[in-house]
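Open the structure in your viewer and keep the selection panel handy. We will begin with the whole chain and then step into two helix contacts.

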Amino acid sequence: MSLTVYFSFQAALCFSIAHILIRRGLIESNAMTGSLISLTMSAAVLWCALPFFVPLSALANPALLIFVVAGVFAPGIGRTLSYVGIEKIGVARSVPIANSSPIFASILAVIFLGESWVLQNIAGTLLVIGGVIVLSMAKPAQGKWRKFDVIYPLIGAVAFGASAILRKAGLGLVNLPLLAAAVTAGTAALFSFALLQVQGGKQAFKLTRRSASWLFPAGVFNTAAMLSVFFALSHGKVVIVEPLVSSNPVTTLLLTSIFLRDVESLTLRVIIGAALTVTGTILVVLVK
């Protein structure tokens with residue numbers, strides 16, 4: 001259990017740092033570009049490390065197809081929509097909503113993996129939903145946004161939840177976290193590239209020297225976070241790992257107040273919404 005908690009919180013911290021870097025990078029870029037850079041970096045780093053730690057014969061295992069599908073859901077769809085959410089409604093609102101994924105992951109874990117989900121989980125679910133509602137009603141201190149735009153991080157949360165179930169099922173067949181992360185990241189990178197082409201290819205790709213200085217470091221932290229999630233899942237249950245990883249809005253809000261004061265201003269409503277969301281995930285974690 002200790003390794004599960006350690007890797008989960010390590011992932012949460014890395015995701016928080018990546019969110020701040022991404023928000024800075026998106027000032028002169030866009031969500032599609034940020035997603036492609038992040039996923040391509042993750043895939044490149046993980047595949048380069050693979051030959052040193054994993055027997056290449058493992059690549060022939062047909063069970064790896066599970067991680068291919070998982071990669072399409074998340075980071076493919078999930079991270080892309082999360083970045084769209086950051087771009088449209090800001091870090092402080094988008095990140096807590098996207099991190100409601102443990103609710104969807106827990107429900108799917110009960111249905112497909114036979115994990116237990118008790119009354120305390122339901123209370124946590126209601127708190128998370130309440131947090132999402134509060135965040136969606138919050139008025140921005142700077143800039144304009146549409147309430148409908150909360151749909152992007154919300155769908156992203158569903159995608160992350162579905163991916164978590166597939167990852168856990170896949171690790172039950174191929175318990176090689178680095179290989180699983182590499183296949184997932186590679187698939188997601190290809191998906192993101194294809195999505196960029198649909199959006200206009202070179203015309204949709206927007207990268208300046210300044211935005212690159214933020215987006216590439218974000219890719220490094222996202223890579224560390226992704227690998228940490230796989231190691232956490234290899235040691236523990238989805239209903240424990242996902243809520244812990246998704247506690248990162250607390251750190252994200254703290255970092256936002258320090259490093260994004262000129263970009264975003266935190267309101268009391270945003271803080272309350274985030275607090276409800278995180279409290280809900282904590283209730284899920286404390287279930288025995």
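Here is a short tour, one selection at a time.

**Before you click.** This is a predicted model, in which local features need pLDDT of at least 70, side-chain atom pairs count only at pLDDT 80 or more, and totals for chains, interfaces and linings use all residues. Residues are numbered from 1 along each chain as its sequence is written, and side-chain values use heavy atoms, with hydrogens and water left out.

**Stop 1: the whole chain.** Show everything as a cartoon. You will find 12 helices and 0 strands; helices are DSSP runs of H or I with at least four residues, strands are runs of E with at least two, and numbering starts at the N terminus. The C-alpha trace spans about 55 × 50 × 30 Å along its principal axes. The radius of gyration is 18 Å, which agrees with the value near 19 Å for a compact globule of 288 residues (taken over C-alpha atoms; the globule rule is 2.2 Å times the number of residues to the power 0.38).

Now colour by accessibility. Buried residues make up 55% of the 288, where buried means under 20% relative accessible area, exposed over 50% and partly exposed in between, with a 1.4 Å probe and protein chains only. Of the contacts between residues at least 6 apart in sequence, 91% join residues at least 24 apart; a contact means heavy atoms within 4.5 Å.

**Stop 2: α8 and α9.** Select residues 177–198 for helix α8 and residues 209–235 for α9. The axes of α8 and α9 lie 9 Å apart, at an angle of about 130° (axes are lines fitted to C-alpha atoms over the stretch in contact, and angles run from 0 to 180 degrees between N-to-C directions). Which residues of α8 and α9 meet? Show P177, L178, A180, A181, T184 and A185 in α8 as sticks, with M226, L227, F230, F231 and S234 in α9. These contact residues divide into 9 nonpolar, 2 polar and no charged.

**Stop 3: α3 and α9.** Keep α9 and add helix α3, residues 65–89. Here the angle is about 135° and the axes are 14 Å apart. In α3, pick F67, P75, R79 and Y83, which meet N222, M226 and F230 in α9. The contact residues of α3 with α9 comprise 5 nonpolar, 1 polar and 1 charged.

**Last look.** M226 and F230 of α9 appear in the contact with α8 and in the contact with α3, so leave them highlighted.

Terms used: Ala, Val, Leu, Ile, Met, Phe, Trp, Tyr, Cys and Pro count as nonpolar, Asp, Glu, Lys and Arg as charged, and the others, Gly among them, as polar.
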